[in-house]
Amino acid sequence: VVDFGVKKMEGEAVMRSNQTLICAPIMADSVDQMLILMQKAKSSGADLVEVRLDNLKSFNPRPDIDTLIRQSPLPTLFTYRPTWEGGQYAGDEMSRLDALRLAMELGADHIDVELKAIDEFNNVLRGNKSTKCKLIVSSHNYDSTPSAEDLGNLVAKIQASGADIVKFATTAQDITDVARVFQITVHSQVSGVPIIAMVMGEKGLMSRILCPKFGGYLTFGTLEVGKVSAPGQPTIENLLNLYNFRQLGPDTRIFGIIGKPVSHSKSPLLYNEAFRSVGFNGVYLHLLVDDVANFFQTYASLDFAGFSCTIPHKEAALDCCDEVDPTAKSIGAVNCIVRRPDGKLFGCNTDYVGAISAIEEALQGSQLSVSGSPLAGKLFVVIGAGGAGKALAYGAKEKGARVVIANRTYERARELADVVGAQALSLDELSNFHPENDMILANTTSIGMQPKVDDTPISKEALRYYSLVFDAVYTPKITRLLREAQENGAKVVTGVEMFIGQAYEQYERFTGLPAPKELFKNIMATY
Ligand code: NAP
């Protein structure tokens, strides 16, 4: 997951809406380095530190643990993970368990003992359990997430072992695995035993961010991107400032972008910041989804309130909706799905509104009183016949433009042209296509996108016939196509404007509130 590096405003007061703690794993070769990382954890906003003793290159239990406890600026959790449970420690079991016992004796706030070792640890303790130190009994599954029944049995076994806090971590093979873990977390609230329940991997990210909503005891947040103690951990920075972790609670509504891949998407940045700015009780996540139908079947509660949808799910998502807006139906793709109060899913397509309104705005310029769309009667050439191409072609046609579709695969251009009522061209024919001046061009292919920034779908010479050029590509913001169009004196509309435009519309549908347009523009201007 990308660290967006959102900065908290100086002096910004953060009110807590939940009790869930943020724990920073401390992994370093030496005690001195660990102490530095502990200070960093405190200034990053963590609530406690997990000292990973198995990472130390040389370890002298009594003085080292004593120093770590006495000098830690935050409450501590001591873990000494053996290789057989995914850790680094490969020595003898007695010394390992004795070090954990010592941590308890010397004043650690928590220690973590593996379920597989708990009987032996209880023997080592001989009933001398400290009342100050909370015993976490843990189980890790690095392959999969078992059934709800098996997880329930696992939790019961951990509780019966004398744990003060239950911990289990499983691996997400699919995002729907997380649902079973939420179910167990919620159920544990009823039994009164605190629980740490995590699903590892990118598909399990939701489990790490939403634990305050479902009542988890803690989540792990890293100090730096990629410096994880288990796969899929977010940074403390992202937990606090991207996902508004402290404000999450039982009533927080969940939104997100469904895609594959999806971690690069900037949508969470826009929506979460906007939610925060108006105090809207929602959180917006990256949702790495393999099978969109399975996703909607699993997450069918009102808590899962709205979704943006991107490549490759826009077509499949349409079939999952109970009702689809007529334009989205004609386009054959939805990029926005809202759950209604009765639980039904409503799908629409805001891609077309975003792009078309940005183009209209640019055409209108400073002219105030134009009746009807400035696109009416214009010759509008769309390059590409995929999801974005369809949206642009439908949108332009609806506004009264004469539409031409040019695509690498001519048959797809022909197919779309027949449905929309347009002319079809092959991409090769585009250079010699200039029946008139003052045309509008919209690139909806990925040509010119990073890293191939020197590519362009049309020569600068052929661009002379266009007075406005739009590019759906938004990395980079000014593509070679747009730069050459500007050099020819044409107006340009960027993919960033389309992105912002489609996001306004989605935000309003998600929240029922007007989109904070200036905020969206400011956020996108910095990326
Ligand atoms: P898509 O459904 O996969 O369609 C891709 C289209 O691009 C097809 O027409 C394909 O032609 C054409 N194409 C791909 N590579 C090409 C190449 N090397 N040469 C010529 N044609 C090529 O994808 P999409 O959802 O429409 O997305 C297309 C682009 O729009 C992406 O870059 C995406 O990031 C961007 N987009 C931006 C926004 C925004 O908010 N700014 C929103 C949506 C999409 P064939 O039919 O011949 O394969």
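**Exercise 1. Find out whether Phe 182 and Phe 214 are buried or exposed in this predicted model, then classify their ring pair.**

*Step 1.* Start with the surroundings: Phe 182 is buried, and Phe 214 is buried too.

*Step 2.* Now look at the geometry. The ring centres lie 4.1 Å apart, with 25° between the planes. Planes under 30 degrees apart count as stacked, so this pair is stacked.

*Step 3.* Place the two residues along the chain. Phe 182 belongs to helix 6 (residues 177–191) and Phe 214 to helix 8 (residues 211–214); they are 32 residues apart, and the pair links distant parts of the chain.

*Step 4.* Check for a charge as well: Lys 213 lies over the face of Phe 214, 5.8 Å from the ring centre.

**Exercise 2. Work out which kind of pair Tyr 507 and Phe 520 form, and which helices they lie in.**

*Step 1.* The centres are 5.8 Å apart and the planes meet at 85°, so the pair is edge-to-face. The cut-off here is over 60 degrees.

*Step 2.* Tyr 507 sits in helix 18 (residues 495–511) and Phe 520 in helix 19 (residues 517–525), so the pair ties together parts 13 residues apart in sequence.

*Step 3.* Both Tyr 507 and Phe 520 are buried.

**Exercise 3. Place Tyr 507 and Phe 520 in their wider setting.**

*Step 1.* Ring pairs join these two into a cluster with Phe 255, Tyr 271, Phe 275, Phe 280, Tyr 284, Tyr 504 and Phe 510.

*Step 2.* Look at Tyr 504 again: the charged end of Lys 517 sits over its ring, 4.8 Å from the centre.

*Step 3.* Finally, step back to the whole structure, which holds 20 aromatic pairs.

Technical notes
Residues are numbered from 1 along each chain as its sequence is written. This is a predicted model: local features need pLDDT of at least 70, side-chain atom pairs count only at pLDDT 80 or more; totals for chains, interfaces and linings use all residues. Side-chain values use heavy atoms; hydrogens and water are left out. Rings of Phe, Tyr and Trp (its six-membered ring) pair if their centres lie within 6.5 Å; planes under 30 degrees apart count as stacked, over 60 as edge-to-face and the rest as tilted. Helices (H or I, at least four residues) and strands (E, at least two) are DSSP runs, numbered from the N terminus. Buried means under 20% relative accessible area, exposed over 50%, partly exposed in between (1.4 Å probe, protein chains only). A charge sits over a ring if NZ of Lys or CZ of Arg is within 6 Å of the ring centre and within 35 degrees of the ring normal.
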